Amino acid sequence: MSAISRRTLLKGSAVTAACFSLGAGLSARSRAAPSPLLLKAQFIDARLGNDGVTRKVMTYGTGDAAATGMPPVIRMRKGEPFAARLLNGLDEPTTIHWHGLRIVNAMDGVPEMTQPYVYPGDSFDYAFTPPDAGTFWYHPHCNTLTQMGHGLTGVIVVEDPADPVFDAEIVINLRDWRLGNGGAFLAPFKPRDAARGGTYGTIRTANWQQEPVYDAPSGGLVRVRLAATDVTRIYTLGTEGAAAMVIALDGNPVETPFPLDRLDFGPGQRVELVLRMPDAEGTVVRLGNFRGSSPWTIATLRAAGASLKRDIRDMKPLPANPVLEADLSVAERIPLDFTATAEHAPAPSICGTLGYTFWAINKVPWPGDTLDPVAPLSELKLGRSYVLQVRNRTPHAHPIHLHGLSFRILNSNKRTILPPPTDTILLLPDEQAELGLVADNLGDWLLHCHVIEHQKTGMSGYFRVA
Ligand SMILES: [Cu+2]
């Protein structure tokens with residue numbers, strides 16, 4: 001049923017994650033005085049399911065050679081400058097947003113709000129310094145449902161020189177595809193689903209493969225980085241065959257690593273695990289999605305070589321990122337209601353309109369990328385603390401993503417365990433939560449649902465930090 005590929009995992013440095021990108025030369029690292037990494041958005045043909053070759057898949061290639069597979073895993077270093085030049089080889093405007101990176105506003109990749117559109121044949125230079133280490137990702141912010149749905153989602157690993165060394169690292173870009181007969185793309189959404197939980201893909205992949213198998217050192221400690229880059233699907237992650245510890249969520253280390261039981265994570269979110277491989281060569285560990293009634297395999301890890309006989313207690317903690325804590329004694333409260341909305345005329349957009357309005361934040365529907373933005377949700381003062389009082393008044397989960405700023409979930413009527421600071425909260429049906437943040441980054445920062453149909457039919461807004 002599934003196309004299985006095996007790739008040898010080399011022991012040692014973080015560079016090994018490149019082994020798990022498709023094709024050659026797909027890992028790229030920033031340097032102190034970086035020459036820009038060329039990222040060319042382009043069309044390729046790719047085999048994604050078992051039913052033929054899909055034409056006009058969108059991906060990013062590096063350098064001059066045509067791309068051969070999924071967008072590269074981009075590797076950066078915390079506190080070191082990074083630069084990339086986006087070349088648009090598509091037939092429509094695009095941009096790149098660096099999801100979760102707290103960088104300067106002008107580099108945030110939102111057309112009309114932070115930068116001009118990048119038209120076909122044109123380029124745009126991005127340059128910034130990531131302040132946090134962890135797992136992040138990148139994607140366009142223009143005609144997003146189609147461009148992401150057709151392939152433009154890639155993983156970013158920001159390394160910290162103080163990171164503990166693991167025996168292996170595996171990076172997994174987790175997403176679906178909406179393909180029909182012969183592997184052709186289906187319409188990216190169905191309106192009745194966009195007005196509910198979202199439209200699901202038909203083919204589920206990890207690193208653009210169905211149920212890939214990776215070798216990992218027997219008895220070794222493996223760092224697994226997963227990014228949910230799908231436009232719709234919420235995953236419930238679990239393992240079979242080995243215990244795993246959760247060490248980071250959404251780019252920030254957890255204060256105390258905890259055993260992975262079943263963990264929900266939605267579009268835009270990331271999970272980092274450490275798992276200890278079994279000692280016996282050939283033994284497999286499965287990463288699976290346990291959401292719903294029929295669990296399925298995301299990827300399989302197979303123990304290779306003589307056992308390294310590591311102990312999971314050998315694991316050293318990840319260094320924390322410099323995220324400021326809100327001062328709750330002076331923080332201003334900002335209510336944010338996430339609701340369905342009555343039908344409005346959708347605003348025209350160069351970045352594609354879905355033609356419907358189903359959702360709103362504080363009663364205002366906006367797709368997040370039109371020429372004529374709505375007023376900000378609130379104007380924040382640089383350096384001040386705020387508490388966002390978020391309320392999901394719908395029966396659906398919404399992964400709500402904030403650009404440029406990290407926040408901490410202070411309390412919630414739906415959860416007992418609170419994650420580390422994050423850029424995305426998977427707001428559960430009827431959840432009410434308070435999110436603390438310090439407005440420490442100047443500019444206009446989008447807040448939107450990362451079920452892209454929800455964003456593009458109104459669940460989007462922005463804060464102005466001045
Ligand atoms: Cu949503």
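The exercises below, each with a worked solution, concern a predicted model.

Residues are numbered from 1 along each chain as its sequence is written, and side-chain values use heavy atoms, with hydrogens and water left out. Because the model is predicted, local features need pLDDT of at least 70 and side-chain atom pairs count only at pLDDT 80 or more, while totals for chains, interfaces and linings use all residues.

**Exercise 1.** Identify the protein donors of the copper ion and state where H398 and H454 lie in the chain.

*Solution.* Begin with the donor atoms (N, O and S atoms within 2.8 Å of the metal, or 3.2 Å for Na, K and Ca; water is not among the atoms, so sites may look incomplete). They are ND1 of H398, SG of C449 and ND1 of H454, lying 2.0 Å from the copper ion. Next, read their spacing in sequence, which is H-x50-C-x4-H. The pair H398 and H454 links distant parts of the chain, 56 residues apart, with H398 in strand 26 (residues 398-402) and H454 in helix 3 (residues 452-456); helices (H or I, at least four residues) and strands (E, at least two) are DSSP runs numbered from the N terminus. Finally, consider accessibility, where buried means under 20% relative accessible area with a 1.4 Å probe and protein chains only: H398 counts as buried because its relative accessibility is 0%, and H454 counts as buried at 0% as well.

**Exercise 2.** Work out the strand order of the open sheet of 5 strands and find its edges.

*Solution.* The order is 24-31-30-26-28, with mixed pairing, where two strands pair if DSSP finds at least two bridges between them. Strand 24 (378-380) and strand 28 (424-427) each have a single partner strand, so one side of each is left without a neighbour in the sheet. Within the sheet, strand 30 (residues 443-449) and strand 31 (residues 460-465) run antiparallel and are joined by 6 bridges, and L446 has Y462 in strand 31 as its bridge partner.

**Exercise 3.** Do the corresponding analysis for the open sheet of 4 strands.

*Solution.* The order here is 4-3-6-8, and the pairing is mixed. Strand 4 (54-62) and strand 8 (123-128) are the edge strands, each pairing on one side only. Strand 3 (residues 37-46) pairs with strand 6 (residues 82-88) in the parallel sense over 5 bridges, and the bridge partner of L39 in strand 6 is L86.

Definitions and conventions
Buried < 20%, exposed > 50% of the residue type's maximum accessible area, 1.4 Å probe, protein only.
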